[in-house]
Amino acid sequence: MTTSASASSPDPAWAVVRVLRDRNAGLYLAGVVVSGFGTSALWLASGVWVKDLTGSNGLAALCLLAMWAPTLAGPLLGTLADRVRRKPLLIGTNLLLAVLLLTLLGAGSPGRLWLIYTVLFVYGAAGVVQDAAESALVAAAVDRSLLGDFNGLRMTANEGMKLVAPLAGAGLYTAYGGPGVALLDAVTFVLAAGVCTLLRVREDKVVPATGGWWARTAEGTRFLWAHARLRPLVLAAGGTMLCAGLSGALLYAVVDGLGHAPAYAGVLYAVQGAGSVVLGLASGPALRLLGGRRFAAAGIALTACAVAARAVPADPVALACSAASGVGLPCVLIAAMTAVQRETPGSLLGRTAATANTLMFTPNVVGLAAGAVLVELVGYRLLLVVLGAALLVIAGALLQSPASASRTSDRSPSDANPA
């Protein structure tokens with residue numbers, strides 16, 4: 001299945017060394033850094049671009065919706081990742097996105113606004129397919145014993161790019177406008193495609209389709225829902241992200257309560273991102289120590305405390321809460337995706353991973369929308385306390401769900417006896 005080091009080989013002490021010593025894992029992380037840089041830069045620049053073209057905040061906000069909307073079709077789009085070989089699919093989608101982004105070079109007038117939204121929508125749909133294919137390919141290309149460490153470091157790479165890329169994108173936009181950022185993103189996808197070609201992976205033969213597209217899509221959903229260890233983790237992640245979305249919508253109210261200008265939200269975002277970077281480095285050892293269920297529950301509980309404590313109008317508390325959220329929030333996402341990769345048969349992994357992503361991340365968008373309404377109707381401090389309590393309930397329910405073997409099942413054979 002893979003040319004990575006054997007699972008029985010000694011494990012280096014540090015997660016970073018463990019992963020980077022694996023050729024496939026190191027290459028894949030390089031691809032995450034490259035494409036993540038371009039995506040984060042475009043995410044910021046697209047809204048600014050539309051705002052400059054139209055002067056409308058609402059139309060600018062639609063850029064984010066256009067990119068997120070395809071997530072709702074995750075199970076359906078993920079089926080494609082199980083119908084073809086994943087490595088060529090990733091190379092092809094990267095090159096397709098590179099060409100697609102070049103069309104934005106001609107979107108310099110309000111009359112071409114439709115082109116920006118169309119590109120962003122296709123961008124989001126391709127991203128859903130890529131996420132499903134990547135989850136399946138990583139499970140084949142990266143040693144099983146490295147999956148927890150790898151997923152943590154992938155989180156670190158993504159969050160690190162979110163700290164750097166928006167600033168670079170804003171500078172590039174100021175100098176060259178939206179077409180300049182689109183060109184940069186196109187280049188990053190070409191580079192990511194090149195990295196994919198270097199992966200050494202022997203994929204399983206694609207199983208011939210035996211039913212219609214909808215029937216094949218449902219197979220991944222049924223597998224996930226029937227799995228006693230995966231279902232509680234994925235549902236807990238979805239509930240956590242719903243609360244996170246609600247909390248995120250209250251951020252500017254929190255900033256206002258601290259007596260700062262709205263730009264102070266950038267400081268809190270940066271601190272939260274730094275916390276996620278730290279968590280990513282420690283997630284592999286923590287998963288081996290606690291097991292997926294306890295690791296996820298501990299992260300949710302820490303996030304609960306951080307969300308509730310944001311009701312205290314003090315800068316040191318707000319900064320500490322942002323850091324704690326950055327550490328706690330990704331735990332359940334890392335645990336759930338690692339479990340999906342380890343527990344799902346390869347022939348179902350694309351569909352199952354896409355379904356899991358939809359269940360985990362769509363609630364975040366719903367939470368953002370609901371929070372935007374609630375913050376106008378209810379005091380934000382009361383909402384934060386209620387959300388903290390809800391997160392504690394989710395953590396408790398996850399610990400109580402029946403799966404007594406979850407601690408050992410979240411380990412690979414070599415994880416049971418680390419060097």
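**Exercise 1. Decide from its relative accessible area whether Ser325 is buried or exposed, and place it in the fold.**

Solution. With a relative accessible area of 6%, Ser325 is buried, where buried means under 20% relative accessible area, exposed over 50% and partly exposed in between, for a 1.4 Å probe and protein chains only. The model is a predicted one, in which local features need pLDDT of at least 70 and side-chain atom pairs count only at pLDDT 80 or more, while totals for chains, interfaces and linings use all residues. Residues are numbered from 1 along each chain as its sequence is written, and side-chain values use heavy atoms, with hydrogens and water left out. The next step is the position of Ser325, which belongs to helix 13 (residues 315-343); helices (H or I, at least four residues) and strands (E, at least two) are DSSP runs, numbered from the N terminus. Once neighbours within four places in sequence are set aside, Ser325 touches Gln272, Thr303, Ala306 and Pro330, contact meaning heavy atoms within 4.5 Å.

**Exercise 2. Determine which residues Ala192 is in contact with, leaving aside its neighbours within four places in sequence.**

Solution. Begin with the location: Ala192 is part of helix 7 (residues 147-197), and its relative accessibility of 5% is why Ala192 counts as buried. The contacts of Ala192 outside the excluded neighbours are Gly31, Val34, Ser35 and Asn94. For Asn94, the separation along the chain is 98 residues, whereas the C-alpha atoms of Ala192 and Asn94 are 6.8 Å apart. Turning to the protein, 85% of the contacts between residues at least 6 apart in sequence join residues at least 24 apart.

**Exercise 3. Compare the reach of helix 6 with its expected span, and state how many of its residues are buried.**

Solution. Helix 6 (residues 113-141) contains 29 residues and extends 40 Å from its first C-alpha to its last, which is close to the expected 42 Å at 1.5 Å a residue; the expected span is 1.5 Å times one less than the number of residues. Of these 29 residues, 23 are buried, and helix 6 is accordingly described as mostly covered. As a setting for this figure, 53% of the 419 residues of the protein count as buried, and the protein has 16 helices and zero strands.

**Exercise 4. Work out how helix 5 and helix 14 are each oriented against helix 6.**

Solution. Axes are lines fitted to C-alpha atoms, for helices over the stretch in contact, and angles run from 0 to 180 degrees between N-to-C directions. Helix 5 (residues 86-102) packs against helix 6 at about 160°, with the axes 10 Å apart, and helix 5 and helix 6 are therefore roughly antiparallel; angles under 35 degrees count as roughly parallel, over 145 as roughly antiparallel, 65 to 115 as roughly perpendicular and the rest as oblique. Among the residues that meet are Leu90, Asn94 and Leu97 of helix 5 and Tyr123, Ala126 and Ala133 of helix 6.

For helix 14 (residues 349-374), the angle with helix 6 is about 125° and the axes are 8 Å apart, which means that helix 6 is oblique to helix 14. Here Asp131, Ala132, Ser135, Ala136 and Ala139 of helix 6 meet Leu349, Gly350, Ala353, Ala354 and Asn357 of helix 14.
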